[in-house]
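Q: Please take a close look at a single part for me, the ligand site. I would enjoy one connected account that begins at the site and then moves outward.

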Amino acid sequence: MKILFAASEAVPYAASGGLADVAGSLPKAIGAKGHECAVVIPLYRCISAELRSDMEFITNITVDVSWRKQYCGVYKAEHDGITYYFIDNEYYFDRDGMYGFYDDCERFVFFDRAVLEMIKHIKFKPDIINCNDWQTALIPVYYQVYYKYQQGYDKIKTVFTIHNIEYQGKYGKEVLGEVMGIPSYNAGLLEYDGYINMLKGALETSDMLITVSPSYAWEILDPWYAHGLDRILVTKQYKLKGILNGIDTKLYDPENDPFIAWRFSAGDLSGKAKCKNELLNELGMKDNGEPLIGIVTRFVRHKGIDLIRCVFEEIVRSGVKFAVLGSGEKMYEDFFLEMARRYPDRVAVNVGFIPELSHKIYAGSDMFLMPSQSEPCGLAQMISMRYGTIPIVRETGGLRDSVRDNGGTNGNGFTFKTYNAYDMLDAVWRAKADYSDKARWEELEKRAMGFDFSWSSSADTYIETFEEMIKE
Ligand code: GLC
């Protein structure tokens with residue numbers, strides 16, 4: 001099979017969140033099982049000169065953005081056995097940052113149209129196009145409206161993966177004709193609640209919808225999780241399926257991680273203690289036996305930061321340290337920075353997206369806190385476990401599907417159900433109590449490290465799903 005993954009970001013080229021990890025690692029995992037995979041992303045300014053030097057110019061074409069004709073360069077590079085294509089247009093993508101511009105709708109309309117146009121000009125004819133999140137949501141729409149019956153495009157199946165239903169690409173109705181160039185008799189594909197909603201277009205037109213964990217697939221049928229889309233999703237259950245993400249176990253490998261000071265494994269955890277020591281030193285704190293909780297996240301509401309805010313000082317004062325890394329909403333940044341100022345011996349905060357430090361926190365912390373309000377999959381809890389760092393999570397989405405409470409059999413973390421700060425606090429106290437029992441804790445660390453969160457079995461499920469679609 002030939003599978004083209006379209007995404008707005010992919011490791012190692014451009015990354016701001018978990019989507020980039022998945023777009024960088026799932027194709028590799030499927031490729032390793034004998035299928036041909038390619039990835040296409042925009043050629044952003046932030047892509048380093050070093051990575052650019054390996055790119056080869058393929059062609060330039062003209063892409064329609066409604067009535068406009070826009071230049072589109074196509075570049076190509078090989079990385080770890082996967083072919084990456086890059087869509088170039090300096091007006092749209094040569095900017096500081098990837099998202100958050102007044103014309104994001106137009107930028108990704110251009111990208112989506114360009115991906116489909118590009119197929120005519122490259123040597124890769126996909127059987128499946130797997131789109132990801134709202135930025136690529138118009139690909140299945142354009143496919144249905146304009147490409148399906150063109151020569152060379154028949155028999156392509158479109159798959160849409162929902163990494164987060166909160167971000168939908170919602171705009172005023174004027175974009176339909178003026179920006180998207182969709183005829184008004186097709187408006188019904190995109191109209192929803194008085195807006196033009198790009199994600200809704202993908203729900204309507206894709207052959208298959210995938211969520212990044214099984215639990216999230218049924219959670220989003222509920223208004224509490226669906227950000228307005230439950231009414232349409234309940235009618236699409238026949239093509240909705242959840243497949244748990246994996247992590248790149250080579251990139252995150254305690255036995256082989258160049259970012260961490262000491263290597264370790266489940267067989268010999270002594271290096272982990274040294275990593276903790278080193279991390280605390282680097283963060284200006286002292287190792288006095290207190291547990292260290294890591295937090296690596298985007299500072300946004302759905303990551304559950306409000307619960308953390310509510311009981312943070314209570315936890316710190318009980319003798320717990322925190323290593324926090326993240327960026328996002330100013331009010332949360334300010335909160336954490338204030339805590340670091342107030343408790344310099346116990347709280348260290350770094351604002352930003354710093355991969356090297358994130359590895360050190362995954363490896364050097366004892367516990368990892370992730371009390372998300374919703375979590376389509378979540379990768380950090382799986383990465384933490386790989387480093388023997390015990391997750392404390394709310395039972396939602398992929399957290400629910402990957403973490404089992406240590407109160408039962410075969411536990412690998414601590415969980416709570418209700419979105420309530422005191423329920424979270426209870427999970428933290430239970431973790432802290434177990435931590436004080438060295439033997440019990442080490443057993444838990446080893447058990448967590450033994451769980452297999454590699455892509456292998458999920459890649460099989462993707463492949464089966466794709467194969468079944470092609471048969472139809
Ligand atoms: C989004 C989701 C996160 C998921 C990631 C990769 O960032 O919020 O839960 O792990 O996508 O699928």
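## The ligand and its shell

A: Sorted by class, the shell around the ligand consists of 6 nonpolar, 5 polar and 1 charged residues. Please keep in mind that this is a predicted model.

Let us put names to that shell. Gly18, Leu19 and Val22 are part of it, as are His163 and Asn164, and so are Val212 and Asn245. The run Glu375, Pro376, Cys377, Gly378 and Leu379 completes the surroundings of the ligand. The charged member is Glu375.

Now for the polar atoms. Glu375 has an N or O atom in its side chain at 2.5 Å from an oxygen atom of the ligand. For His163, an N or O atom in the side chain is 2.6 Å from a ligand oxygen. Pro376 takes part through its backbone instead: a polar atom there is 3.5 Å from an oxygen atom of the ligand. As for cover, the ligand taken alone exposes 310 Å², and the protein buries 94% of this area.

Stepping outward, the domain assignment splits the protein into domain 1 (2-246 + 456-471) and domain 2 (270-452). Each of these two domains supplies at least three residues to the shell around the ligand. The C-alpha centres of domain 1 and domain 2 are 32 Å apart.

So how do the two domains meet? The size of an interface is often given as the accessible area lost when the parts come together. Here the area buried between domain 1 and domain 2 is about 1,400 Å², with carbon and sulfur atoms giving 60% of it. In residue terms, 20 residues of domain 1 make contact with 16 residues of domain 2. There are 10 residue pairs in polar contact across this interface, counting pairs with both residues at pLDDT 80 or more. Salt bridges between domain 1 and domain 2 number 0.

To come back to the site, the ligand has residues of both domains around it, and 94% of its exposed area is buried by the protein.

Notes
Residues are numbered from 1 along each chain as its sequence is written. This is a predicted model: local features need pLDDT of at least 70, side-chain atom pairs count only at pLDDT 80 or more; totals for chains, interfaces and linings use all residues. Side-chain values use heavy atoms; hydrogens and water are left out. A residue is near a molecule or strand if one of its heavy atoms lies within 4 Å of it. A polar contact is a pair of N or O atoms within 3.5 Å; within protein, one must be able to donate a hydrogen and the other to accept it, and residues adjacent in sequence count only if both atoms are side-chain atoms. Accessible areas come from the Shrake-Rupley method with a 1.4 Å probe; for residues, only the protein chains shown count as cover. Domain bounds come from an automatic or database domain assignment. Contact means heavy atoms within 4.5 Å. Buried area is the accessible area (1.4 Å probe) that two parts lose on being put together, summed over both. A salt bridge is a side-chain nitrogen of Lys or Arg within 4 Å of a carboxyl oxygen of Asp or Glu.
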